[in-house]
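Please look over the sequence and the model shown below. The paragraphs that follow lead through its pockets, its cavity, its cores and a few single residues.

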Amino acid sequence: MPYLSTVNDLVAGSVGGAAQVLVGQPLDTVKTRAQIAPKGMFKGPMDVLAQTVRKEGFFALYKGMASPLLGIAGVNSLLFASYVYSKRIVSPFPQLSLKEIAIAGAMAGAANAILASPVEMFKVRMQGQYGAATDKKLRDVAKEMWRDWGFRNGIMRGYWVTFVREIPAYAGFYTAFEFSKRKFQSKYGDKVPVWALLASGSTGGIAYWLSCYPLDVIKSRIQLRQTPPTGKPWKYMTNEIRMVIAESGITGLFRGLSPSLLRTIPAGASTFAAFELTREFLTESTGA
């Protein structure tokens, strides 16, 4: 039954997403703060980590987690379901080439942006608070964005840069994952060990960030601003890139990359392992 197979994809995607958030949030907070902090506030990612824990406590590293944890079920369900559907569009055959995998991944990323953008916008705005008495709770941030800017310029702020980021990101993500997984399958057959799934997930995560990182920096800055961007998306994205380079040089476009890459090892691995194992369990249980 096709609908049952889709439900299995959605459930497995939700489990994978929850695992990703729980495991990866601390390093994600370090990454985001490295991207958006005022110049001179931090010396680097390790200083972000040290100052955050010292001034705000360990659990400040989980600041902003509520948004992705609440939304990740929808985001990852959409992502994985879109990927499965995109593969069927790209090829009627079950075994796709890596080029076809990249196309399907890009299509899934484009679809995923519609939910990923608001989830990440709220997360970034929570992570951009540094423990002051005026810090807002998530519900207050949501009310403020809706009241002051509405749906398009508030809730969906940063959508177009998220859309542009997700296309190369997930093309790289799925291609690297499938390449690694197939290498392990050539040695172990269809029953790939869990550790091999973890390694493949990590490989996919690293490829994700290397494919899109400067765009992620731009996205975070745009979503944190007090006012929404104006003009055509390509124009304000280009202007933001110029501003980063003027402030910090080319290296400014890669602020926070090291914690992002470190995060992909446990987060990406847990995501794919949880998805694959849950999907396999549901397939055996339901026959779909």
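The second largest pocket is lined by 13 residues, and those nearest its centre are Arg-152, Asn-153, Trp-160, Pro-229 and Tyr-236. Helices α5 (138-155), α6 and α8 (233-248) are the elements that each give two or more residues to this lining. The structure is a predicted model, and its values are to be read as such. The volume of the second largest pocket is about 290 Å³. Sorted by class, its lining holds seven nonpolar, four polar and two charged residues.

The largest pocket has a volume of about 970 Å³. Its lining is made up of 31 residues, of which Lys-87, Glu-178, Lys-181, Gln-185 and Glu-276 are the closest to its centre. Two or more lining residues come from each of α3 (66-90), α6 (159-188), α7 (194-224) and α9 (257-286). The largest share, seven residues, is that of α9. By class, 16 of the lining residues are nonpolar, four are polar and 11 are charged.

From the pockets the account turns to enclosed space. How many cavities of 30 Å³ or more does the model have? The count comes to one, and the volume of this cavity is about 450 Å³. The cavity is lined by 30 residues, with Gln-20, Glu-120, Tyr-170, Tyr-208 and Arg-263 lying nearest its centre. At least two lining residues are supplied by each of α1 (2-36), α3, α4, α6, α7 and α9. The lining of the cavity comprises 14 nonpolar, eight polar and eight charged residues.

The next topic is the packing of nonpolar residues. In soluble globular proteins, nonpolar side chains tend to be buried together. The largest nonpolar core of this model has 21 residues, and the members that touch the most others are Tyr-83, Tyr-170, Phe-173, Tyr-174, Tyr-208, Trp-209 and Phe-272. Helices α3, α4 (98-127), α6, α7 and α9 each contribute at least two residues to this core. Another core, of eight residues, lies apart from it and includes Val-161, Val-164, Tyr-236 and Val-244. Two residues of the larger core, Tyr-170 and Tyr-208, are also among those nearest the centre of the cavity. Tyr-236 of the other core is likewise one of the residues nearest the centre of the second largest pocket.

Tyr-83 shows the surroundings of one core member. Residues up to four places away in sequence aside, Tyr-83 touches Ile-101, Ala-104, Gly-105, Ala-108, Tyr-174 and Glu-178. Of these partners, Tyr-174 belongs to the core residues that touch the most other members, while Glu-178 is among the residues closest to the centre of the largest pocket.

Two further residues may be taken in turn. Is Lys-31, a residue of helix α1, buried or exposed? Lys-31 counts as buried because its relative accessible area is 3%, and the limit for that class is under 20%. Beyond its neighbours within four places in sequence, Lys-31 is in contact with Trp-209, Tyr-213, Asp-216, Gly-256, Pro-259 and Ser-260. Trp-209 has already appeared as a member of the largest nonpolar core.

Ala-142 is located in helix α5. With a relative accessible area of 26%, Ala-142 is partly exposed. When residues up to four places away in sequence are not counted, Ala-142 touches Phe-122 and Ile-155. Ala-142 and Tyr-83 stand 59 residues apart in sequence, and their C-alpha atoms are 29 Å apart in space.

How values were computed: Residues numbered from 1 in each chain as written. Predicted model: local features only at pLDDT ≥ 70, side-chain atom pairs only at ≥ 80, totals over all residues. Heavy atoms only, no water. 1 Å grid on protein atoms, 1.4 Å probe; cavity = no way out; pocket = protein on both sides within 12 Å on 5 of 7 lines; lining within 4 Å. Points joined across faces, edges and corners; volume = space filled by probe spheres on them. Helix = DSSP H or I, 4+ residues; strand = E, 2+ residues; numbered from the N terminus. Nonpolar A, V, L, I, M, F, W, Y, C, P; charged D, E, K, R; others polar. Core = buried A, V, L, I, M, F, W, Y, C linked by side-chain atoms within 4.5 Å. Buried < 20%, exposed > 50% of the residue type's maximum accessible area, 1.4 Å probe, protein only. Contact = heavy atoms within 4.5 Å.
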